[in-house]
Amino acid sequence: MLVVRKTVQMAVRKHLSRSFSASRTHLQERKGLVLGVFEKEAEEGGLHLTEAAARFDQSLSGKLSDLLKIAAPVLKKGKSRIFYGIHQDFPCVAVVGLGKDNEGVCGAENWDTKKENIRHAVSVGCKILQELEVNHVEVDDCGDAKSAAEGAVLGLFCYDQLKSKKKTRVTTQLHGSADVDDWKKGVVYAEGQNLARFLMEAPANHITPTAFANTIEEKVAPYADRVTVNKRPKAWIEEQQMGAFLSVTRGSEEPPVFLELYYNGCPDKKQLPLMLVGKGITFDSGGISLKPSQSMDAMRADMGGAATVCASIVTAAALKLPVNIIGLAPLCENMPSGKATKPGDVVTAKNGKTVQVDNTDAEGRLVLADALCYGHTFNPRAIVNVATLTGAMDVALGSAATGVFTNSDWLWEQLHKASVVTGDRVWRMPLFQHYSKQVTDCQLADLNNVGKYSRSGGACTAAAFLKEFVTAPHWAHLDIAGVMSNKDEVPYLRKGQTI
């Protein structure tokens with residue numbers, strides 16, 4: 001997401017076609033086509049065909065236009081019409097509404113409306129054809145091949161690996177456009193996000209800390225010339241004196257892993273790396289401060305920060321970005337047991353600060369604290385940590401935007417610019433001393449892992465806690481708890497995990 005845009009597979013297949021979900025075997029390819037139409041600004045009820053749609057219509061002597069006029073009402077944004085048997089090469093043609101052609105960056109919405117409309121419309125067309133068991137779809141670029149590719153790949157993703165009945169496997173390719181490079185980029189970006197979604201959707205007994213690390217190691221294997229992987233065991237974590245991280249791991253039988261990824265895309269040794277740090281709680285029961293049972297299953301996705309970070313590095317490697325990136329993912333489970341950390345226990349972080357753990361369900365900040373301390377040893381030019389950190393973030397912003405806490409105006413500007421392009425919106429949150437005082441005013445230790453006023457400003461006190469482990473001048477904490485899942489808010493994503 002954002003600069004850490006969220007790849008199950010990175011090599012672009014022959015003819016730019018991709019597979020997105022598992023399915024039954026088809027004896028014969030069934031082809032479909034997705035074409036776009038814009039609303040005419042000056043005409044009530046008028047439509048304007050995209051370049052690809054206009055050429056297709058011309059090849060049919062205007063039959064497509066005639067059918068669209070007959071198929072009232074007028075095709076609105078995100079709506080679709082399906083036509084059968086109008087072209088010998090495409091038994092099924094989905095025509096989708098793109099909204100107005102003159103849309104662009106909207107300051108009020110903090111995104112590029114035209115790009116979002118294209119993602120939405122293309123995903124609608126692809127999903128309809130998938131339901132019709134069409135297994136190969138050609139896609140109109142709709143004036144932005146990258147956004148069209150993202151809509152197709154993101155829309156077709158469905159986690160059904162463990163079901164006996166699966167969605168039809170669909171491959172896609174660009175139709176009627178020479179904008180191949182942007183299409184390829186869009187596919188890679190979207191499949192990066194789909195890798196993160198895959199990891200978050202998978203049940204916790206399938207994606208343990210060890211399984212997570214092994215999966216990422218497999219994904220970066222094609223890029224071994226520029227990506228190095230270190231899977232650090234518990235003994236190494238102990239050597240590093242990561243007492244905050246270790247305190248979270250104590251209740252689980254699953255061993256923790258501290259995963260390190262090094263992407264070397266720039267040969268210039270003088271270029272300082274970008275540091276990405278992701279919270280990697282592969283299942284969060286809350287520990288002794290046990291969560292309510294309702295919806296606890298969703299806590300299999302509490303490693304969304306780590307998933308985002310690792311998928312971003314896989315994506316960077318696939319794109320051969322000319323930068324150096326280090327990714328850190330402290331991976332563990334947070335479970336109750338006779339050995340688990342108890343409320344009121346005091347632990348010592350890597351930087352020597354002591355922490356009173358009054359709530360074991362505020363564990364994400366503990367694992368991140370030690371990872372941030374370790375990250376500073378690489379002298380990065382900027383640090384971005386990503387975490388499904390607080391329910392308070394969901395209360396504050398809901399699913400509309402990621403909350404960003406940062407000490408750097410420059411880093412905020414980079415994140416904001418990226419979010420406008422990707423549609424993954426961000427909103428800057430405060431890092432006031434007001435919140436720092438609430439975590440440093442502690443009875444038994446240097447810091448408390450929860451604010452002294454309980455739930456008030458919970459996302460802000462969590463960020464203030466992390467700030468106590470940061471000395472870098474360019475640092476940002478992204479709390480993605482509110483945007484970690486989708487019901488129907490993002491129209492081009494199915495229900496489920498979204499990162």
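Start by selecting helix H10, residues 364-376, in this predicted model. With 13 residues at 1.5 Å each, H10 should span 18 Å, and the C-alpha atoms at its ends are indeed 18 Å apart, so expectation and model agree. Now switch on a surface: 13 of the 13 residues of H10 are buried, so the helix is largely enclosed by the rest of the structure.

Keep that view and select residues 359-366. UniProt, in an unreviewed entry, lists this span for "domain: Cytosol aminopeptidase". Put a distance between the end C-alpha atoms of residues 359-366 and you should get 11 Å. By secondary structure, the span is 38% helix and 0% strand.

Next, go to Phe378, in the loop between H10 and strand S16 (382-387). Is Phe378 buried, exposed or something in between? Its relative accessible area is 24%; buried would need under 20% and exposed over 50%, so Phe378 counts as partly exposed. Show what surrounds the side chain: setting aside neighbours within four places in sequence, Phe378 is in contact with Glu260, Tyr262, Pro273, Met275 and Ile326. For a sense of scale, draw a line from Phe378 to Glu489: these two are 111 residues apart along the chain, and their C-alpha atoms are separated by 39 Å.

Time for a helix pair. Select H13 (residues 433-440) together with H14 (residues 458-467). How do their axes sit? They pack at an angle of about 75°, with the axes 8 Å apart. An angle from 65 to 115 degrees counts as roughly perpendicular, so that is the label for H13 and H14. Show side chains where the two meet: H13 brings Gln433, Tyr435, Ser436, Gln438 and Val439, while H14 brings Cys460, Thr461, Ala464, Phe465 and Lys467. Colour that contact by class and you will find 5 nonpolar, 4 polar and 1 charged residues.

Last stop: a couple of backbone oddities. Select Asn110, in the loop between strand S5 (105-106) and strand S6 (111-112). Asn110 is not a glycine, yet its phi is positive, at about 60°. Its relative accessibility is 17%, so Asn110 counts as buried. Then jump to Ser295, in the loop between strand S12 (280-284) and helix H9 (304-319). Here too a residue other than glycine has a positive phi, this one near 70°.

Conventions
Residues are numbered from 1 along each chain as its sequence is written. This is a predicted model: local features need pLDDT of at least 70, side-chain atom pairs count only at pLDDT 80 or more; totals for chains, interfaces and linings use all residues. Side-chain values use heavy atoms; hydrogens and water are left out. Axes are lines fitted to C-alpha atoms, for helices over the stretch in contact, and angles run from 0 to 180 degrees between N-to-C directions. Helices (H or I, at least four residues) and strands (E, at least two) are DSSP runs, numbered from the N terminus. Angles under 35 degrees count as roughly parallel, over 145 as roughly antiparallel, 65 to 115 as roughly perpendicular and the rest as oblique. Contact means heavy atoms within 4.5 Å. Ala, Val, Leu, Ile, Met, Phe, Trp, Tyr, Cys and Pro count as nonpolar, Asp, Glu, Lys and Arg as charged, and the others, Gly among them, as polar. The expected span of a helix is 1.5 Å times one less than its number of residues. Buried means under 20% relative accessible area, exposed over 50%, partly exposed in between (1.4 Å probe, protein chains only). UniProt positions are given in the numbering used here, feature names are shortened, and annotations may be inferred rather than shown by experiment.
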